[in-house]
Structure formats: structure tokens, C-alpha cells
Amino acid sequence: MKRFLGITTLALSLVLFVSCKEKKSDTIIITKKKSEKPATPKIQKMGDYSQTQKVDWEGNKYTIETTLRADSTLDLATDGVTDYFDNRITIRIVRADGSEFFKRVFTKSFFKDYVDKNNYSHGALLGIVFVKVYENKLVFAASVGNPDKSSDEYTPMVLQIDKYGDASLIKDNVLDTDSGTDEYEGG
């Protein structure tokens, strides 16, 4: 009887062991984890703009149109962290009768001789804006420098257009923060 009891205990233990064993699930799906690629930084635009102003110059009325557009065909500018499209700026001056007096597209290369190496290599054409009429010239402020809008790293210049439609450039030596007279000294 001891033998029968021992065999029965062994059989029950085996049944309990088998019944407690975890069943394999038929619903397990094995997939490969997708490798996450680092996000490719997006090239930024500094902001397109257009400006139109009417002026009296040399006894006539003119409309000055200035348009800044990002240009993906130019070399990229960088602030050291982010890349930016450089800009192309068009200045168009129209007479009162609608005829075109002046039209020219400016890129950073026009300003190369007036800009330090770092601003030229890594910077962008930041802007050209009409300032005033001075004597027989239309005077514009122009700048090339760091494309980050919060940066103050740029080279200021004065672009002049004379009554013959010739554009000339001089380095600006009057700071924007100067509270002195606003008289332009012509170059």
C-alpha cells in the first residue's frame, strides 16, 4: 500500500506540475523595433518682406519698392547652430509715370569688399531699407551678418543710388544707437 500511495502522490504531483506550467500563447507577435533617426534640422528663412515708399527726389515723385526673399540657390548662412537660406533683395525705383528708373537684385556678393571675413563666409544679406534723400542721392541702410534675429553681429553699410542710376557703397560709421544728429555725411 505504501507503494500505491507513493505512486499516487507522484502522479498527483506530476499532474499539478504540468497544470501549473504556463501555456504558450499563440498570439505573440515578434516585430523589429524601428531605429529612430535623428531629425534632420530644417533650414530656416529669415523672413521675406516687401516695402514701398513714395519720395520726392530731384523735383520728381518716385516710388521705391524693396523686396527681400530667401533664396535656396545661394550658399547657406549659419549662426553656428542653425542653417539659414541667404537672401536676395530687389530694389526697384519707379517714376510717377510708371516707367522704371532703377532695378537691381542684390546678393551678399555685392558687399564682399566691405564685410569682414566671418560675416561674409557665414552671414547673410540681412536687409536693405530706404533711409532718406540726401542731396542728389537716395540713401539706403544695408547690412550683412549673423542670420539669427536676436544677434547684433553685422556689418552696417550705406548704399547710395545717384540720379544716373549708379549704385555705390560705403561703410556706415554712425551707430544706430547714436543719439546725436541724424544728418547723413555722404561718402
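Reader: How do the residues of the lining of the second largest pocket divide into nonpolar, polar and charged?

Author: In this predicted model, that lining holds 12 nonpolar, six polar and six charged residues. Tyr counts as nonpolar and Gly as polar in this scheme.

Reader: What makes this space a pocket, and how much room does the second largest pocket have?

Author: A pocket is an open set of grid points, whereas in a cavity the probe cannot get out. The second largest pocket offers about 380 Å³ of space. Its lining is made up of 24 residues, and those closest to the centre are L126, G127, S143, N146 and Y154.

Reader: Which elements give two or more residues to that lining?

Author: Three strands do: β7 (124-134), β8 (137-145) and β9 (154-162). With four residues, β7 gives the most.

Reader: Now to T66. Why is T66 called buried?

Author: Buried means under 20% relative accessible area. T66 has 2%, so T66 is buried. You will find T66 in strand β2, which spans residues 60-71.

Reader: Which residues does T66 touch, leaving out those up to four places away in sequence?

Author: T66 touches Y49, S50, Q51, I89, T90, I91, I128 and F140. To count as a contact, heavy atoms must lie within 4.5 Å.

Reader: How do you know how far to trust the coordinates?

Author: The pLDDT, on a scale from 0 to 100, gives the predictor's confidence in each residue. Its mean over the protein is 84, and 75% of the residues reach 70 or more. Over residues 177-183, however, the pLDDT is below 50, and this stretch has three contacts in the model beyond near neighbours in sequence. Where pLDDT is low, predicted coordinates should not be read in detail.

Methods:
Residues are numbered from 1 along each chain as its sequence is written. This is a predicted model: local features need pLDDT of at least 70, side-chain atom pairs count only at pLDDT 80 or more; totals for chains, interfaces and linings use all residues. Side-chain values use heavy atoms; hydrogens and water are left out. Buried means under 20% relative accessible area, exposed over 50%, partly exposed in between (1.4 Å probe, protein chains only). On a 1 Å grid over the protein atoms alone, a cavity is a set of points where a 1.4 Å probe fits but cannot get out, and a pocket is an open set with protein on both sides within 12 Å along at least five of seven lines; lining residues have an atom within 4 Å of a point. Grid points are joined across faces, edges and corners, and a volume is the space filled by probe spheres set on the points.
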